[in-house]
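Biologist: Before we discuss what is enclosed inside this protein, could you put the model on screen and take me through the reasoning behind each label?

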Amino acid sequence: MDAITRRRLLQLGGAALGGAGALALTGCSGSGAGTSTGGAGDPAKASITVWSWQGPAAQLKALIPEFNKAYPGIQVTVQDIGNPAIWDKITTGLAAGGSGLADVLHIGVDYLPGYVEKFPNGLADLRPLGAEKYRDAFAQGMWQTVAPKGRVNALPWEANSAGFYYRADLFEQAGVDAEGLQTWDETIEAGRKVKEKTGKYLLGIDKPASQPDAANFFQMLLQLQGAFYFNHEGEITLDSPEALTAMTLIKRMNDAGLVSDLSGGWSALESSIKSGTAAVLPWPTWFGGIIEGLVPEEAGKWKVRLPPAVRRGGATTATVNSTHLAVAGSSKHQAAAWSFVEFALTRPASQVAIYRGKGIAPALIAAYDDPVFHEPSAFFGGQKKGEIFLQALKTPSPAFNYSADYARALKAVTDAQTKVLLKGADPAAVLREAADLLGSQTGRKVVR
Amino acid sequence: VSVSDSAVASRVPAAKAARTAPRRRPAPYLFVLPAVLLFTAFKLYPIGRSFVLSLHRTVDGAEVFAGAANYRRLLGDPLFWTALGNSATILAVQVPLMLALATGLAVALNSRLLRGRGLFRLGFFLPMVTGLVAYGIVFSVLLNQRYGLVNWLLESIGGPEIPWLTDPLWARVSLGLALTWHYTGYNAMILLARLQTVPAELYDAAAVDGAGAWRRFRHVTLPGLRPALLLTLVLSTIGTLQIFDEPYVLTGGGPDNATLTIGMYLYQNAFKYFDFGYASAIAYVLAVLIALLGLLQFRVLGDSS
């Protein structure tokens, strides 16, 4: 081997190492364990930052003047990080031991358990700040979500129940009584009639799973049966009979040509609603405000109800998700941050203002005494939308164990759903495969 | 030749070293110090740290030594093999096509018959300057099945509506298209630079010997391009195995993992699933693969001297 080849080899080695270096950036993190560098700070005088996204961020911003009347020394900056960008940003912040994180973080139920488990002390324990007095202030099941093991990781903000928004005019044209639909089987039959008479799809799904939330509808069908991807012991229940029922319903809808494709994320969903592609939007509480904002000219054509049951006589309510405000463990102004969280989430007037602004439904039960939740809605044909969802929120609903591996579970589920919707795969086979994959990835037991 | 060369080479530095060694001047070391420090902090440390991480698992927020468990898990992970298969497909299909295209382009851009060569060269090189995410988003808008310009054009000439990003096969084609658009001009420029060093006399001599255009290309241009072709091939191989931005923006790795690359899978494990140990193991396997492939390419295509 002469000098030239040796030099080449060195260059090559350098290139390969450079490659490893670029990719190793992911690893320059440590686990962030036990790096709680923050502290309570001065409760009366501080400058704090809040991370949230779009609508909720705007609503938090609107609360600041009122907040400053009570806490004139605390300066609040709300940043709209955007969703889903906020999850990557929080993850990298936590992985870096909290450096660069905001003081207050808006976190969804899908991410909260993962953050808590993978980054202990990444979020401040709110007990020393006085969180426990609000134990019974929120909708049933919420406290278990934010404080599963005693430690209070966050306070609940919005609580979303499964919903069923539909175009009443289309169902009327098809001669179907949408209010009377008892089960999803009946709904599929109704969907056939709607398609026949009006040419509209029953509903839409992001078939190639271009977004991680493509399995929203599947998950709701599962939750209506009180089932989820994990049981409370953290074991995998991804191919339970309930999951098979849910996936089979989706396959039947798709095979009957009742499912439009919503691939392309939020903008595709918006344009689909604007062009009136489907008769039903099986989305939770918060989505009513979105529809109203997108197609205000269709006021009176839309109605809302709780979803039909999966089995006759089964549940029509489920709290499908929630979001929360947490205080970063690295925050040097935890007391001031807590004051803002407390002001926004436990004061009924704050939550009422937020609901008026963006239709975000509070987990705070006391907020529902306000008349705004009991007014007829002009957009939804004079229905009292707030009361419909309040009824759902008050119905006992099991708390679901999202676990620290929810993101992996979701990926396995959306891949399974894509196989069913795009390749006509057998639901039982793909669910079994997904459960096994999840088991090998996480080391969790699959219960069958 | 080589014997006398090495004899000279060994004699001269030895004499120099004898003269300068006792003085130990600090200046050269001071000059390289910033680069060495930066390299240590931002390359060596992460490389070493991620190797350590790859031997650990995170349990309840604490790092637990796991030996080779992450690597063993990798071997049995169907998604890793899917990702590897996808990267290999791109390597086997897109890279040769792109390099052939780049060679043709380089020859065309080198032609004295072409007017406005500077403009064309600029035009083909410009995609390379475009930000990865920006062009990914532009492609995803263009290729949107219902509202995209590409399908609109296809339909206006009576073509079918193609599910560019929503069908597993077409998603791969779209990814290949985007990559080709972005990197062909870059490779063509490297080849062009090399082409300009091929002496014109060789072509003249070949022409005098009666060689046609094809034989001149085959026997003069291609051998002349060989080192540059090797360079572009190795660079493209490294780049292909590390592809992340394009599938991340265009398809998210879908549908059904059809465009999941190793880079994407690594990212998902680190930043979606917080599994930094496993992600580091993927990074290391990837680095070894790249080194092996590069070595192979040098062996097969490099100078035989």
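Modeller: This is a predicted model, and I would begin with the lining of the largest cavity, which by class has seven nonpolar, seven polar and no charged residues.

Biologist: What makes a residue of that lining count as polar and not as charged?

Modeller: Only Asp, Glu, Lys and Arg count as charged, so T145(A) and T319(A), which are among the residues closest to the centre of the largest cavity, fall in the polar class, because residues outside the nonpolar and charged lists are polar. M142(A), A399(A) and F400(A) are also among the closest to that centre, and Met, Ala and Phe count as nonpolar.

Biologist: Why is this space called a cavity and not a pocket?

Modeller: A cavity is a set of points where a 1.4 Å probe fits but cannot get out, whereas a pocket is open; the largest cavity, with a volume of about 140 Å³, is therefore a space from which that probe cannot get out.

Biologist: Which elements supply at least two residues of its lining?

Modeller: α5 (142-146) and β10 (319-327) of chain A each do, and the largest share, four residues, comes from β10(A).

Biologist: What lines the second largest cavity?

Modeller: The second largest cavity, of about 80 Å³, is lined by 13 residues, with S272(A), I273(A), T277(A), A278(A) and L281(A) nearest its centre. α10(A) gives the most, three residues, and the lining divides into eight nonpolar, five polar and no charged residues.

Key:
Residues numbered from 1 in each chain as written. Chains lettered and ligands numbered in written order. Predicted model: local features only at pLDDT ≥ 70, side-chain atom pairs only at ≥ 80, totals over all residues. Heavy atoms only, no water. 1 Å grid on protein atoms, 1.4 Å probe; cavity = no way out; pocket = protein on both sides within 12 Å on 5 of 7 lines; lining within 4 Å. Points joined across faces, edges and corners; volume = space filled by probe spheres on them.
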